[in-house]
Amino acid sequence: MDLKPLKIGKHTIKYPIFQGGMGLGISWDKLASAVSLNGGLGIISSVGTGYYENLAYVDKQLNLKPYGSENFYSKKGLQSIINNARKICANAPLGCNILCASNDYARIVKDACEVGFNVIVSGAGLPTNLPEFSMDFPDVALVPIVSSSKALKIICKRWSSRYNRLPDAVVLEGPKSGGHQGFTYEQCLDPNYQLEKLIEPVVEEAKNWGSFPIIAAGGIWDKKDIEKVLSLGASGVQMGTRFIGTFECDASAEFKELLIACKEEDIELIKSPVGYPARGIRTHLLDLVDKRMGPKINCTSNCVAPCGRGKEATKVGYCIADRLFDAWAGKKETGLFFTGANGYRLEKLISVKELMDKLVNGE
């Protein structure tokens, strides 16, 4: 099966492959620019941009950490990231992944539009107000992330009635993805909620509103997986974990080493301060958390609204912003290392170009 170009709003992607937005710092300028340069859609995570370039853009710090959401989600950092990405991929389309659960969500969306992103991908909650925050930038394509046809219906109904707009594409994320899930713990393991079962009803719901592509995500690994979801009605795929196994990925060398070394049984669903199950690698941090002996929790980032300024972090035993920062920084003892269910299949690092060749032409 030949992979055809994908039109997202006014932008055309040579191959129907999105690289998933991975924060904190896992998909920033180096990874996203390489993906866009090689024909996919590179997606930069908006999470923790105050840490970019050795805290150069943080106006206020506490213990060398960005203090407050205005600094954790730094516009100056985001601007620098996309500027550096453009040095590699020039004018190829670039996306920005923004969590609905982020504090300062409206401001982050506006920032992403203003610094020059072509596509905004948004999940971790229903982005029912996304068009409101980007209405001054009609050329920016809007791509919500959903986990069901019901969620898609809610978004389309709200967007069409309030903003006279529909999604330019939709990412349908199944429960094998890395990081936070849009499902309960039980649903993540239920055969009826797996990606293959979700595609057809979401595609049918999309037809009720017009025509926009459905991008399947969660557990997709190779061209056979891509062909399978395309045969079920999807128009493209989003892949995150596979791109961590590239030289260009912005993750630390230690993060990549840990992922390559992990076994299938090391990957599990864990509790998160965000309120959803999250998938990551069992490490020393999680052993400490289980014993209620994790690192001290001191909310400096004010990163996500559901955490309630550290209240939920205290309940589950760790601060997600601090622990994701440690993972990005390569601190194996205290880092939280997210991965998709297939992360154990990574064997070695390759270039983004080689990976894209494998995905487009087969292994």
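Which residues of helix 4 are buried? In this predicted model, the list runs Gly77, Leu78, Ser80, Ile81, Ile82, Asn84, Ala85 and Cys89. That makes helix 4 a handy place to start the walk. The helix covers residues 75-89, and at 1.5 Å a residue its 15 residues should span 21 Å; the end C-alpha atoms are indeed 21 Å apart, so expectation and model agree. Look at the two ends next. At the N-terminal end, Ser74 acts as the cap, with a side-chain oxygen 3.3 Å from the backbone nitrogen of Lys76. Just past the other end of the helix, Ala90 takes a positive phi of about 55 degrees.

Carry on along the chain and you reach strand 7, residues 94-99, which is where Leu99 sits. Leu99 counts as partly exposed, at 24% relative accessibility. Setting aside neighbours within four places in sequence, Leu99 is in contact with Val47, Tyr105, Gly123 and Ala124. For a sense of distance, try Asp225: it is 126 residues away from Leu99 in sequence, and the two C-alpha atoms are 26 Å apart in space.

Now for the cysteines. How many disulfides does the count come to? Zero. A disulfide is a covalent bond between the sulfur atoms of two cysteines, and the cut-off used here is 2.5 Å between the sulfurs. Take Cys100: the closest cysteine sulfur belongs to Cys96 and is 12 Å away, which is too far for a bond. Cys100 is also buried, with a relative accessible area of 16%. Cys249 tells a similar tale, being in no disulfide, with the nearest cysteine sulfur, in Cys262, 14 Å off. Cys249 is buried as well, at a relative accessible area of 4%.

Charged pairs are another matter. Side chains of opposite charge can pair when their charged atoms come close. The salt-bridge count here is 18. One of them joins Asp139 and Lys10, with 2.7 Å from N to O. Asp139 lies in the loop between helix 6 (130-134) and strand 9 (141-146), while Lys10 is in the loop between strand 1 (6-8) and strand 2 (11-13), so this pair ties together parts that are 129 residues apart in sequence. As for accessibility, Asp139 is partly exposed, at 41%, and Lys10 is exposed, at 60%.

Another salt bridge brings Lys332 and Glu257 together, at 3.5 Å from N to O. This one also links distant parts of the chain: Lys332 is in the loop between helix 15 (320-328) and helix 16 (352-361), Glu257 is in helix 12 (residues 253-261), and the two are 75 residues apart. Both partners are partly exposed, Lys332 with a relative accessibility of 34% and Glu257 with 45%.

Then there is Asp326, whose side chain meets that of Lys331 in a salt bridge of 3.8 Å, N to O. Is Asp326 buried or exposed? Buried, with a relative accessible area of 6%, whereas Lys331 is partly exposed at 42%. Salt bridges can also share partners, and in this way Glu268, Arg282, Asp287 and Asp290 are joined into one network.

Turn next to the nonpolar interior. The largest nonpolar core has 108 residues, and those with the most contacts inside it are Ile17, Leu24, Phe117, Ile120, Ile226, Phe243 and Leu336. Leu24 is a good one to click on: leaving out residues up to four places away in sequence, it touches Val47, Gly48, Tyr51, Phe72, Ala321, Leu324, Phe325 and Trp328. Another core, of 15 residues, lies apart from the largest one and includes Ile8, Leu41, Ala141 and Ile145.

The last stop is Ser27, in the loop between strand 3 (17-19) and helix 1 (29-37). Despite being in a loop, Ser27 is buried, with a relative accessibility of 0%. What does its side chain pair with? A polar atom of the Ser27 side chain lies 3.2 Å from the backbone oxygen of Ile43. Beyond four places in sequence, the contacts of Ser27 are Gln19, Gly20, Gly21, Met22, Ile43, Ile44, Ser45 and Asp250.

Terms used
Residues are numbered from 1 along each chain as its sequence is written. This is a predicted model: local features need pLDDT of at least 70, side-chain atom pairs count only at pLDDT 80 or more; totals for chains, interfaces and linings use all residues. Side-chain values use heavy atoms; hydrogens and water are left out. Helices (H or I, at least four residues) and strands (E, at least two) are DSSP runs, numbered from the N terminus. The expected span of a helix is 1.5 Å times one less than its number of residues. Buried means under 20% relative accessible area, exposed over 50%, partly exposed in between (1.4 Å probe, protein chains only). A polar contact is a pair of N or O atoms within 3.5 Å; within protein, one must be able to donate a hydrogen and the other to accept it, and residues adjacent in sequence count only if both atoms are side-chain atoms. A salt bridge is a side-chain nitrogen of Lys or Arg within 4 Å of a carboxyl oxygen of Asp or Glu. A nonpolar core is a set of buried Ala, Val, Leu, Ile, Met, Phe, Trp, Tyr and Cys residues joined through side-chain atoms within 4.5 Å. Contact means heavy atoms within 4.5 Å.
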